[in-house]
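Trainee: Could you take me through one part of this structure up close? I'd like to look at the empty space inside and what surrounds it.

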Amino acid sequence: MPAPAAHIAAPPQLASWPNYQEGDFIIRNYVFRSGEILPELRLHYRTLGTAKHNAASKIINGVLLLQGNTGTGANWLRPSLADELFLPGQPLDAAEYFIIMPDAIGRGGSSKPSDGLKGKFPHYRYHDMVESGYRLVTEGLGVAHLRLIIGSSMGGMHAWMWAEMYPDLVDGVVPISCQPIEISGRNWISRRAAAEAIRHDPEWNKGDYEKNPSYYIWTAAANSLRTESATRIQELAPTRAAADALYEERRAQAAKGDANDALWAIEAIMDYNPEPDLDKITAKVLLINAEEDEANPPELGTVERAMKRVRHGRYVLIPASEKTHGHFTHFYAEVWKPYLIEFMKTLGAPLEAAE
């Protein structure tokens, strides 16, 4: 049985957000789709805002925010997101919505290989991440209905899966910087290359290492820049000396991470393929991508193909500008917020399931 959520007081710098809390939700003997079992799966989360309840005391105005592959739920507290979304009068006004920001399995305060199991940690996949997140939201936090799910990058891919797996739970879904198709082509090849760099690091030792492997970080440093806008990178590194300094900065960041955590996170995507079940989605969907996103090149036509199967879907492609950041445009709500505002006007009254 899952353990009740344990709440943690807000850090001083976050106290200004109404009802800000952090907590952990524990699921005992969690069975992964691989058949592996973890005696105690911990999911860390952050919440803020104003919960509204139905007659059964269940929350009916939830907004679930899902983070990218290399971040945590705290990503959503960046000023470029939180100040644009949660302040009074903004689309996710914290006086109107109960906002949930989980750390997915393998990230932040949630269970991950570096907690101690190292290479023996279960090989989780996206379905495990979504299913456990659903249990956190419904069992741990007592949410009966979500007004919105918004996800960026990996979180956007998870948003597609939430919409398919739990079609009656949510009114609107906003995936950002992603595609609703199986990972393939250059996208998968680059991910596999990053995974193989870890597996073939002579210090990796099948995940059973005392000192974090150090060879793979030389390529990880460059890979970390692959999804930023080439224009923004050029602004950061207009000379070779500046480029060298940026590379060294990213290499130092990569060295602080854990190789097993990174490898498990990369390979979790292996079961992602929402395209066959897109017609099961009943929620309204707004997909937002950026024109200069190297991870999701618009010229492939794969998004247009998939979106034909989404009954209530709209696709927005943001043109490159001085305000865009390639794949990482999702961190800058100023750019995509106008589309969110218009989308929310189309949602109408909450579903009857929330009553």
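Mentor: Sure, let's start with what the walls are made of. Sorted by class, the residues lining the largest cavity are 11 nonpolar, four polar and one charged. Keep in mind that we're looking at a predicted model. A search through the whole structure turns up one cavity of 30 Å³ or more, and the space in the largest cavity comes to about 150 Å³. Its lining has 16 residues, and those closest to the centre are Leu66, Pro102, Ala104, Met129 and Gly133. Which elements give two or more residues to that lining? They are β4, α2 (126-140) and α3, with α2 providing the largest share, five residues.

Now follow α3 away from the cavity wall. Helix α3 covers residues 154-165, and it leads us to the largest nonpolar core, which has 65 residues. Tyr124, Tyr126, Leu146, Trp160 and Trp162 have the most contacts inside this core, and α3 gives the most to it, with seven residues. Another core lies apart from that one, with 32 residues, including Leu65, Ala94, Val335 and Met344. As a general rule, nonpolar side chains in soluble globular proteins tend to be buried together.

Zoom in on Leu146 for a moment. Setting aside neighbours within four places in sequence, Leu146 is in contact with Trp162, and its other contacts include Gly62, Val63, Leu64, Ile100 and Val137.

Technical notes:
Residues numbered from 1 in each chain as written. Predicted model: local features only at pLDDT ≥ 70, side-chain atom pairs only at ≥ 80, totals over all residues. Heavy atoms only, no water. Core = buried A, V, L, I, M, F, W, Y, C linked by side-chain atoms within 4.5 Å. Buried < 20%, exposed > 50% of the residue type's maximum accessible area, 1.4 Å probe, protein only. Helix = DSSP H or I, 4+ residues; strand = E, 2+ residues; numbered from the N terminus. Contact = heavy atoms within 4.5 Å. 1 Å grid on protein atoms, 1.4 Å probe; cavity = no way out; pocket = protein on both sides within 12 Å on 5 of 7 lines; lining within 4 Å. Points joined across faces, edges and corners; volume = space filled by probe spheres on them. Nonpolar A, V, L, I, M, F, W, Y, C, P; charged D, E, K, R; others polar.
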